[in-house]
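Reader: Hi! I'm just starting out with structures like this one. Could you walk me slowly through the surroundings of the bound ligands?

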Amino acid sequence: MDSAFKSVYQSALEDPETFWAQAAEDVHWYRRWDRVLDDSTPPFYRWFPGAQINTCFNALDLHIEQGRGEQAALIYDSPVTQTQRTFTYAQLRDETARFAGALAGLGVTKGDRVIVYMPMVPETVIAMLACARLGAIHSVVFGGFAANELAVRIDDAQPKVVVSASCGVEVSRVVEYKPLLDEAIALASHAVSHCVILQRPQALATMQERRDKDWNQLMSTAEPHDCVPVAATDPLYILYTSGTTGQPKGVVRDNGGHVVALKWSMKNIYGAEPGDVYWAASDVGWVVGHSYIVYAPLFNGNTTILYEGKPVGTPDAGAFWRVISEHGVKVMFTAPTAFRAIKKEDPAGNHLQRYDMSQFECLFLAGERTDSDTLHWAENKLGVPVIDHWWQTETGWSIAANCRGLGLVPIKEGSVTHPVPGWDLRVLKEDGTEPKAGEIGALAVRLPLPPGAFPTLWNAPERYVDAYLKQFEGYYSTADAGVIDAEGYVYVMSRTDDIINVAGHRLSTGAMEEVLADHPDVAECAVLGVADALKGQVPMGLLVVNAGCDRSEVDIVGEVVQMVRDRIGPVAAFKQALIVPRLPKTRSGKILRGTVRQIADGEEWTLPATIEDPEVLEEIADALLRAGYPGSSVTVE
Ligand code: COA
Ligand code: AMP
C-alpha cells in the first residue's frame, strides 16, 4: 500500500483548524466549539474553546451507547499476584461511576485535584476515570518515588483527596505505600482532607480514623455519579515530570484537545481499530501509561491491557509473549530497555517457541533511543515491523513516528521516521536559523502545538514560557538535539539539558545533585548519566569532599546512595559515585559533565577549549579507571 502519510501531513500543516475539526467529529461533545483554535494570546493557544465535553464519557459511556458494552475494555494481568480480571465497558463504567460517587461524597467536585499514588491495579484506572467523570483533575504519582517527591507534588497540586493502596508488588519485594503516603502528608504543608486506601492482601495498611477511608467500604455504599460536562479547555490532569531542578514541572493536559488527538493517534499512528487488543507495557505513573494504557485505547474502543509485572522475572523472559498470545494482542508499545532485558536473558528467543504469536502485528518503542542491536533482535525474533517513535510527557503523544494507520513508509535504522501530522518540527541552530539537511541542531516545533500537547504548566505559566518557549520565538523547544535528513527522516540524538533516561524513566541529574550536596561531607558534586547495557543510562555521582574529611569512600558513597533512594526513590537507580579531588570546569565555572560522560563511556572526546585546568580531567580519568569504567584509559594531551 502506498502511504497516505505525505498528503495527510501536508493537509494538517496547511490548514490545522480544518484538519483537527474533522478529527473532532469522531468525538462526543455536549456543546460544539466556538472556534477550533484560539490564537489570540500567543504563545498560549487553546483548542476547541467554547466546547463542552467529558473525557470519561468518551472513554466509556459512548462505547456502551454504540453497542460495545459487553466488549472487554480492560484486562488486568498480574503475574506478581497471579491474578487476572477482565472488565467489560459496561463493568468499567459502572465501577467508575460508583467511585466517582464515592469521591463526590468526600467533597470532590469539578476543578478539585486528586492525587493518585497507586500500583498497577484496575482501581488506579478507575480512580483516574472517576476524576475525569467529575471534572476533577487527577495527578498520578509513580509508585517508585519516595515520600519527599510525593510531598512536593501534594504541595504543588493541593489535592482534596489522595487515592492510594496499601502496597505495590515488585518482583522480589512488597513495597508498602501507606507509610510513604503518611510520611509525605506529614512533610507537606498542604492539608489533605481524605485518603482513600485500597487494602491489598499482600500488606494491610494502618488507617487513620476520619482521614482515611477504605476503598471497598466506600464503594459498597456509593451511588453512581453521572458525567459532568466541562470546558474543552479545562484541565483533565497534571502529570509531574523532571525539570532541571528538584521542583518538578506540572504538565497540564486539557480535556477536549486530548480526546481528539489521542483518538486520532490510535487509528492513524498505531493502526488500531476499535475492538483490537492493544498493550502498552509501561506504568500508569508515566505519560505512556496515561495516554496509551488508559485514555487512547479506551477513546478508540480497544481492549487495553494493564500488566502488573516485568519483562523478565515474572516469571521468565517469555512473560511478554505469554501476554500477547493469551490475550490476542495486536499492537504493543514499550520501551527498548524492556527488550534489552529479555534479549539478555533469552538471546536466542527460545521462549517464543512456547507461544502462538500469530495475532501480533506490530511493536512500537519509545522512551529512549532504540539501539540497532535491540531493533534487529526484535525484528528478527518477532517477524513484525518494529517502530521507534519519539515523544515527551509535555507532548502527550508522538512528535515523530512511522504512522502505521496511514501506511508504513520504509524504516531507516536509528530514525524515528517523520514528524507526525500536526507537528511542524524543525532543526534550529543557536541563532534560530535552520541548518542544512542532515546537520545537528535543537529539535523545535513551530507553534501552535497540536491538540493534546500541554497548554501550560500547573500554576506556572511563566515557567512554561521560560522553560519551553523563550529559546526560539514562535517555537516549542523540545530539549532534544537531533537531525532531519534530506528525506525528512528525524534522528533524535540527545537531551540538551541535564535530563537522563534510566530504563525509559525520565530523571533529573540536577535533582540528584541537590540531594548529594546536602551530605555534610560533600563540598561539591556532579551527577551524569553513564551508559548501561540494560537501562540505557544510569546516574553516576562525582563527589568532592570537604578539606580535612578523612572518612572512607565506601561510607560516604553508601550514605549518598541511600539519601537519593530516600529522597527521590528507588526509581532513580542511583548506585554509583566516586570521590574525586576536583570537578572539571570551564573558565566560567560550568561543570564539564558531557566530557566526563564521554570518558566514562569510552567515547572519543576532545579537550574543551574553555577548560579551566586540563589536569583535572586526568585526575577524573584516573578515578574512572580505578572504578573500572571502559573509557578511562584515555589521557589528556
Ligand atoms: N513501586 C515501587 N518501586 C518501584 C516501582 C513501583 N511502581 N517501579 C520500580 N520500582 C523500583 C524497583 O523495584 C527497583 O528497586 P531496587 O533498586 O530495589 O531494585 C527500582 O525502582 C528501579 O526500577 P526499574 O528501573 O524498573 O528497574 P528494575 O531493575 O526493577 O527493572 C526493567 C528493569 C528494564 C525490567 C524495567 O525498568 C522495565 O520493565 N522497564 C520497561 C518499561 C517501562 O516501564 N518504561 C517506562 C516508560 S515507557
Ligand atoms: P518522557 O517525558 O519521560 O516521555 O521523556 C521524554 C524524553 O525521552 C525525550 O525528550 C527524549 O529525550 C527521550 N525519548 C523518548 N522517546 C525517544 C525516542 N524514540 N528516541 C530517542 N529519545 C527518546
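Author: Let's take the two ligand sites in turn, then have a quick look at some aromatic rings.

One thing to keep in mind from the start: this is a predicted model.

Start with ligand 1. It has 25 residues around it, and the closest are Glu-170, Arg-173, Pro-311, Lys-535 and Arg-565. Click on Glu-170 and you'll find one of its polar side-chain atoms 2.6 Å from an oxygen atom of ligand 1. Tyr-177 also brings in its side chain, with a polar atom 3.3 Å from a nitrogen atom of the ligand. Gly-143 does things through its backbone instead: an N or O atom there lies 3.4 Å from a nitrogen atom of ligand 1. On its own, ligand 1 has 940 Å² of accessible area, and the protein covers 84% of that. If you sort the shell by class, you get 11 nonpolar, 7 polar and 7 charged residues.

So where does ligand 1 sit in the overall fold? Domain 1 (3-309 + 389-482) and domain 2 (505-626) both give residues to its shell, so ligand 1 lies between them.

Now over to ligand 2. Here the shell has 16 residues, and His-389, Thr-393, Asp-480, Arg-495 and Arg-506 come nearest. With His-389, look at the backbone: a polar atom there is 2.7 Å from a nitrogen atom of ligand 2. Thr-393 and Arg-506 use their side chains. A polar atom of Thr-393 lies 2.5 Å from an oxygen atom of ligand 2, and one of Arg-506 lies 2.7 Å from an oxygen atom of the ligand. Taken alone, ligand 2 exposes 490 Å², and the protein buries 94% of it. Its shell is made up of 5 nonpolar, 5 polar and 6 charged residues.

While you've got the model open, check out the rings too. There are 39 aromatic pairs in the structure. In one of them, the ring centres of Phe-142 and Phe-145 are 6.0 Å apart and the planes stand at 90 degrees, so this pair is edge-to-face. Both of these residues are buried. Phe-339 and Trp-377 make another edge-to-face pair, with 6.4 Å from centre to centre and 70 degrees between the planes. Phe-339 is in helix H12 and Trp-377 in helix H13, so this pair ties together parts that are 38 residues apart in sequence. Phe-339 counts as buried at 1% relative accessibility, and Trp-377 does too at 10%.

Key: Residues are numbered from 1 along each chain as its sequence is written. Chains are lettered from A and ligands numbered from 1 in the order in which they are written. This is a predicted model: local features need pLDDT of at least 70, side-chain atom pairs count only at pLDDT 80 or more; totals for chains, interfaces and linings use all residues. Side-chain values use heavy atoms; hydrogens and water are left out. A residue is near a molecule or strand if one of its heavy atoms lies within 4 Å of it. A polar contact is a pair of N or O atoms within 3.5 Å; within protein, one must be able to donate a hydrogen and the other to accept it, and residues adjacent in sequence count only if both atoms are side-chain atoms. Accessible areas come from the Shrake-Rupley method with a 1.4 Å probe; for residues, only the protein chains shown count as cover. Ala, Val, Leu, Ile, Met, Phe, Trp, Tyr, Cys and Pro count as nonpolar, Asp, Glu, Lys and Arg as charged, and the others, Gly among them, as polar. Domain bounds come from an automatic or database domain assignment. Rings of Phe, Tyr and Trp (its six-membered ring) pair if their centres lie within 6.5 Å; planes under 30 degrees apart count as stacked, over 60 as edge-to-face and the rest as tilted. Buried means under 20% relative accessible area, exposed over 50%, partly exposed in between (1.4 Å probe, protein chains only). Helices (H or I, at least four residues) and strands (E, at least two) are DSSP runs, numbered from the N terminus.
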